[in-house]
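Notebook open. Today I want to see how the parts of this chain sit against each other.

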Amino acid sequence: MARRRQIYEGKAKILYEGPEPGTIIQYFKDDATAFNAQKKGTITGKGVLNNRISEHIFTLLGQIGVPTHFIRRLNMREQLVRQVEIVPIEVVVRNVAAGSLSKKLGIEEGTQLPRTLIEYCYKDDALGDPLVSEEHIACFGWATQEEMHDIADMAIRINDFMCGLFAAIGIRLIDFKLEFGRLWDGEYSRVILADEISPDGCRLWDMATGEKLDKDRFRRDLGGEVEAYQEVARRLGLLPEGADTTVLDLDTHRKKRGKD
């Protein structure tokens, strides 16, 4: 069997040439990074969980009419996706103040925002993915005005759907990151959802306890990352109920660390 050609390796995924023209195989790694890769580590099994969670969310989004690059999951760590030209903008959707927004503006973390906030960042690790305005995007030609309208509309629709999805399983969707890509058909293209949606790129808090069920556990050295990701997958119905490896027990985790 011929070895697949690697196209790109990022912080959390490796992209390989797909079996058919216009397709890519997306491989989910266990590598974990934070603060633009200044902090690095490994969360064992993260790739498997993110693959399943992202497949589930992208499938549901497709069912409500959101166009995505997802085709199908191939195995525990890989999925087949459409090849797109990534728009060099990260779209951050915020419902609650947290992370960099709290630090920059001095807003207490956990404060409900008066309205959903959409931020845009220029995708460049060397520059730290700086915050940019729609004026910057138009000025430098990173996306057209029509594409930005489509991106904003999809971001709001995705947020509305995901807020309901997670609220139904006792999770508060604080904020999340989206990426979009151009799907070309001859000389014409349309913008569709790309990349992944998982606890790597979302802030997810337990509604009852406020426990963080996302990569902030890694960023802030809280520990219990695997258990948190497993709990999200379990509540979404992607892991069997009652299995020892799927139960989130952060109280036990804290006791092991000598905390109350």
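Below are my entries on the domains and the contact between them.

Entry 1, the split. I'm working from a predicted model, so no experiment stands behind these coordinates. I looked up the division of the protein chain and got domain 1 at 6-82 and domain 2 at 85-236. I then took the C-alpha centres of domain 1 and domain 2, which lie 16 Å apart. On the contact itself, domain 1 puts in 32 residues and domain 2 puts in 34.

Entry 2, the area. How much area is buried between domain 1 and domain 2? I get about 2,800 Å², with 68% of that coming from carbon and sulfur atoms.

Entry 3, charges and polar pairs. I ran the salt-bridge rule across the interface of domain 1 and domain 2, and five turned up. I also pulled up Lys13, which forms a salt bridge with Asp195. Their closest N and O atoms are 2.9 Å apart, inside the 4 Å that the rule allows. For polar contacts between the two domains I noted 16 residue pairs, both partners at pLDDT 80 or more.

Entry 4, the domain 1 side. Which elements give two or more residues to the side of domain 1 that touches domain 2? My list reads β3 (23-28), β4 (31-34), β5 (39-42) and α1 (46-63). Of these, α1 gives the most, with 10 residues. Sorting the residues on this side of domain 1 by type, I wrote down 15 nonpolar, 11 polar and six charged.

Methods
Residues numbered from 1 in each chain as written. Predicted model: local features only at pLDDT ≥ 70, side-chain atom pairs only at ≥ 80, totals over all residues. Heavy atoms only, no water. Domains from an automatic or database assignment. Contact = heavy atoms within 4.5 Å. Buried area = accessible area lost by both parts, 1.4 Å probe. Salt bridge = Lys/Arg side-chain N within 4 Å of Asp/Glu carboxyl O. Polar contact = N/O pair within 3.5 Å; in protein donor to acceptor, adjacent residues only side chain to side chain. Nonpolar A, V, L, I, M, F, W, Y, C, P; charged D, E, K, R; others polar.
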